[in-house]
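The exercises below are to be worked with the sequence and the model open. Each one sets a task and then solves it step by step.

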Amino acid sequence: MRLPAEQVRVLGCLVEKEATTPQSYPLTLNALRLACNQSTNREPVMDLDDRQVEAALAALRERGLVRVVYSSSNRVPKYRHVLDEAWELDRAELAVLSVLSLRGPQTVGELKSRTERQHTFVDLAEVQSALDRLAVSRPEPLVVRLERRPGQKEVRYMVAFAEDADVRSGTAEPSGGPVVGLDELAAEVGRLRGDLDELRTAFEAFRASFE
């Protein structure tokens with residue numbers, strides 16, 4: 001299954017807004033178009049019109065990935081994704097796919113920081129676990145691991161279902177463990193040291209209260 005860029009963007013936006021703005025989800029056509037054309041947290045930035053978004057929605061509905069929601073309290077139809085049902089995804093996997101769909105290839109560290117509004121990963125290993133599941137599950141892999149190019153320190157991942165994705169440049173095999181670089185490890189060590197310092201301070205204050 002390969003989807004054109006407009007459909008990938010629509011799916012990514014629906015997943016993102018479900019998690020970040022649940023009070024306004026499902027989305028109207030206008031809200032979805034605005035989400036698709038955001039100038040922040042999008043790569044590349046798009047300028048889709050209503051006709052293009054409607055066409056993408058129609059195609060995704062035929063594939064069983066999007067549903068239309070009608071309500072007597074709303075004058076216009078709204079739309080929601082059903083990736084969790086169609087592809088049997090959990091919240092962690094949805095967050096990863098959303099960011100990859102909206103921002104292109106990402107490293108494990110980038111995914112951890114950029115998925116925070118949708119799902120909180122404990123550490124890089126948990127992100128890697130979600131990626132590994134997405135790389136081998138379902139009839140076809142949903143993500144692929146890209147080979148490092150000259151000058152790149154970190155391994156990157158991308159969605160495998162994008163029409164312009166060069167799946168041949170990567171592999172759908174699980175990594176067998178966290179694939180992280182020195183910069184990401186250093187950041188993780190720094191965070192853990194900060195947590196340890198906070199625990200030490202709290203313990204000292206607790207002990208002092210008994211002296």
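**Exercise 1.** Against which elements do the buried residues of H2 pack?

Solution. The model is a predicted one, in which local features need pLDDT of at least 70 and side-chain atom pairs count only at pLDDT 80 or more, while totals for chains, interfaces and linings use all residues. Residues are numbered from 1 along each chain as its sequence is written, and side-chain values use heavy atoms, with hydrogens and water left out.

Step 1. Fix the terms. Helices (H or I, at least four residues) and strands (E, at least two) are DSSP runs, numbered from the N terminus. Buried means under 20% relative accessible area, exposed over 50%, and partly exposed in between (1.4 Å probe, protein chains only).

Step 2. List the buried residues of H2: Leu29, Leu32, Ala35 and Cys36. Seen down the helix axis, they fall within an arc of 125 degrees, so they line one face of H2. The arc is taken over the directions from the helix axis to the C-beta atoms.

Step 3. Read off the partners. The buried residues of H2 pack against H1, strand S1 (27–28), H3 and S3. Contact here means heavy atoms within 4.5 Å.

**Exercise 2.** Describe the two sides of H3 and its ends.

Solution. Step 1. Check the length. With 13 residues at 1.5 Å a residue, H3 should span 18 Å, and its end C-alpha atoms are 18 Å apart, which agrees. The expected span is 1.5 Å times one less than the number of residues.

Step 2. Assign the sides. Val53, Ala56, Leu57 and Leu60 are buried in H3. They cover an arc of only 100 degrees around the axis, which puts them on the same side of H3. Arg51 and Glu62, on the other side of H3, are exposed.

Step 3. Find the cover. H1, H2, S2 and strand S3 (78–81) are among what covers the buried residues of H3.

Step 4. Inspect the ends. At the start of H3, a side-chain oxygen of Asp49 comes to within 3.2 Å of the backbone nitrogen of Arg51. Just after H3, Gly64 has a positive phi of about 75 degrees.

**Exercise 3.** Which residues have the most contacts inside the largest nonpolar core, and which element gives the most to this core?

Solution. Step 1. Define the set. A nonpolar core is a set of buried Ala, Val, Leu, Ile, Met, Phe, Trp, Tyr and Cys residues joined through side-chain atoms within 4.5 Å.

Step 2. The largest such core has 49 residues, and Val10, Leu32, Leu97 and Leu131 have the most contacts inside it. Elements that each supply at least two residues include helix H1 (5–20), helix H2 (29–36), helix H3 (50–62) and helix H7 (124–136). H5 gives the most to this core, with seven residues.

Step 3. Take Val10 as a sample. Leaving aside neighbours within four places in sequence, Val10 is in contact with Leu32, Cys36, Val53, Ala56, Leu57 and Leu60.

**Exercise 4.** Is Leu142 buried or exposed?

Solution. Step 1. Locate Leu142: the loop between H7 and strand S5 (143–146).

Step 2. Its relative accessible area is 3%, so Leu142 is buried.

Step 3. List its surroundings. Beyond neighbours within four places in sequence, Leu142 is in contact with Trp87, Leu89, Leu97, Leu134, Met158, Val159, Ala160 and Phe161.

**Exercise 5.** How many salt bridges are there, and which parts of the chain do the pairs of Arg67 and Arg133 link?

Solution. Step 1. A salt bridge is a side-chain nitrogen of Lys or Arg within 4 Å of a carboxyl oxygen of Asp or Glu. By this rule the count is seven.

Step 2. Arg67 and Glu85 form one of them, at 3.1 Å from N to O. Arg67 lies in strand S2 and Glu85 in helix H4 (residues 83–86), so the pair ties together parts 18 residues apart in sequence.

Step 3. Arg133 meets Asp90 at 3.2 Å, N to O. This pair links helix H7 to the loop between H4 and H5, 43 residues apart.

Step 4. Arg133 also pairs with Glu93, at 2.6 Å, N to O. Glu93 lies in helix H5 and Arg133 in helix H7, so the pair ties together parts 40 residues apart in sequence. Glu93 counts as buried at 4% relative accessibility, whereas Arg133 is partly exposed at 30%.

Notes:
Polar contact = N/O pair within 3.5 Å; in protein donor to acceptor, adjacent residues only side chain to side chain.
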